[in-house]
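Welcome! Please take a moment to look over the sequence and the 3D structure before reading on.

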Amino acid sequence: MTIKVDRVKEYEALLDIYEREGLDTSLFGDRVAAIIISGDRIIGLNNVPGVEIKGEEIENGVRADVRIADGVELPFPIHLCTGYLKSEGYQRVEFNITVGKNSKARFTSHCIFPYAKDFTHEAISRISVGENSSVLYDDEHIHGEGVRMISRTEVEVGKGGRYTGKFSLTKQRARELKLEMTAKLGDGAVAEMTSKVKAVKDDSVEIREVLQLEGAHSRGDLKSTVIAFDNSKVNVVNEAYGLGDYAKGHVECHEVVKGEADVQTIPLLRVRNDKAELTHEASIGRINEAQLVQLMAKGLTEEEAAELIIKGLLGE
Amino acid sequence: MGMLCLRNVDYSREGRRILQGINMTFREGMTYSILGPNGAGKSTIARILMGELKPTSGQVLLDGRDITELGVTERAKLGMSMAWQEPARYEGIRIREYLTLGGKLKVDGDEIKEALELVGLPYELYAGRFIDKSLSGGERKRVELASLLLLKPRYAILDEPDSGLDITAGELIEELLNRFRKAGTTVIIITHHEEIAGKTDFAYFVCAGRLVKKGFSREVVDYYRKTCGRCLFVEGSP
């Protein structure tokens, strides 16, 4: 890992947070392709054979290009670490990720804003998955209470490719979250996108997930799970478009409400090909009665049963 | 000797009478079946016993104490538990975690292994799996039965324990009954299968919300075999 000499302290501070939060610190090792961002600066960069990361410091943030060559299979995830160690401000990061043909890659993206009180983070990711390649993108957030987050991810999956995207904001507050994920699929391509969010107090959460099943035999699954507590407001829109022959998509949204939270979900399915097929499933409201009662019949109180169910839903 | 009783239990829903004048007694350490055709009200009896439903009138007594107003958790704490006809799915909860109730039930790995293997689920293949859509109905049913084995309740209510199970269901129920008998657990099996009912010590035959016959399971099963399919809830039924 190349660490700029004047930025060692920031690097160490981030590493400390990883340790404190129980995150995998081996992601900072030399065998892992990585870019470590703090504020508007690149404080660490590491390339490994088959992966080239180029970073550029821009106004209020960083732009990075990540290129994975054809036929590369990486034993370790590519680590995208975006940190902001001040309590106030604005940060914008852009990731342009291109994965060649017949490659297999995993990304671990961490957003670390532990002291945020009045901070806006804007992230734009454009991901191109080459023919017959497979990409897993895992996005996890660790931050203080005062974060406004705008995240937009645009994915294009080439013929026979596969993209799996996981977004999770369950350990800390999402004071204001706008999350948008779009996937456009080629012939035989597959995409699975899941988001798990916990909203508390007066958090505001907006999630929009879009699946464009353009290719023949393309397949996609969108799944959102939101647990809304207190006075939070949640709006989830899942869209799927069946355009290619024999394209198949499924949209699923589960929102559990506790307290005075205000939640809504809007599934939008549109087919423009009589060979395509789309389905959706949604549940909204209190925790499923049967799940509660069956756990209570084993001796748990209603609160304990709800806690266990929510823990499972959020994957904690 | 402890016992669980239903006394003159009626249950109506939306103006429709589901159960009428049900009297049943389940003595500690014995095994019972509640036998009857679909729609007879058997599962309603199970849910009333467990406290999920409150009877419209009548009482539920445990060791002479009126527990009619107690909820599900309170009854579970008194030693009652139930395996539902359709076990729920829990996203993100692994079987191991479910069986220990998220760590609240203090059982060790060997006990979990034994319980899972007794219900036909190899520990290595199943302990780490999620109780979600990836499990079939039959697999979830087996997990539910393993859960009751680990809980070791005084009263175990098994609602249609064989439904969704494969050809080995009969042997599994037999094995479970043996385990529960050894542990001194009273077992109440809800079933419409006479073969399953025949494995318990005593049986109650219920039809159209009324108790038709009670006695040793062999006698009740014989009666059920001869009469089921005809309207039985007539005056003077046994």
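The report below walks through a sheet, its helices and the contact between two chains.

## The sheet of chain B

Please keep in mind that this is a predicted model. A good place to begin is chain B, where 6 strands make up an open sheet with mixed pairing. Reading across the sheet, the order is β6-β9-β10-β3-β11-β12 (chain B). At the edges are β6 (residues 80-83) and β12 (residues 210-216) of chain B, each of which pairs on one side only. On average, and with direction ignored, neighbouring strands of this sheet are turned by 15 degrees against each other.

Strands of a sheet pair through backbone hydrogen bonds, and they can be parallel or antiparallel. For a concrete example, follow β6(B) to β9 (residues 155-159) of chain B: the two run parallel and are joined by 4 bridges. Within β9(B), B:Tyr155 is the bridge partner of B:Met80.

## Two helices on the sheet

Helix α1 (residues 42-50) of chain B packs on this sheet, where it touches β3 (31-35), β6, β9, β10 (186-191) and β11 (202-207) of chain B. The direction of α1 makes about 150 degrees with that of β9(B).

Helix α9 (residues 217-227) of chain B packs on the sheet as well, touching β3, β11 and β12 of chain B. Its direction makes about 135 degrees with that of β12(B).

## A closer look at helix α7

Now find helix α7 of chain B, which covers residues 169-183. Its 15 residues, at 1.5 Å a residue, should span 21 Å, and this agrees with its end C-alpha atoms, which are 21 Å apart.

Which residues of α7(B) are buried? They are B:Ala169, B:Ile173, B:Leu176, B:Leu177 and B:Phe180. These residues lie on the same side of α7(B), because they cover an arc of only 100 degrees around the axis. Their cover includes β3, α6 (137-151), β9, β10 and α8 (194-197) of chain B. On the face of α7(B) turned away from the buried side, you will find the exposed residues B:Glu171, B:Glu174 and B:Lys182. After α7(B) comes B:Gly184, with a positive phi near 80 degrees.

## Where the chains touch

Finally, turn to the place where the two chains come together: 17 residues of chain A are in contact with 20 residues of chain B. On the chain A side, α2 (289-296) and α3 (302-314) each supply at least two of the residues. By class, that side of chain A has 8 nonpolar, 7 polar and 2 charged residues.

Terms used: Residues numbered from 1 in each chain as written. Chains lettered and ligands numbered in written order. Predicted model: local features only at pLDDT ≥ 70, side-chain atom pairs only at ≥ 80, totals over all residues. Pairing = 2+ DSSP bridges. Axes fitted to C-alpha atoms, helices over the stretch in contact; angles between N-to-C directions. Contact = placed C-beta atoms within 7 Å. Expected span 1.5 Å × (residues − 1). Buried ≥ 20, exposed ≤ 12 C-beta atoms within 10 Å, placed from the backbone. Arc of directions from axis to C-beta. Nonpolar A, V, L, I, M, F, W, Y, C, P; charged D, E, K, R; others polar.
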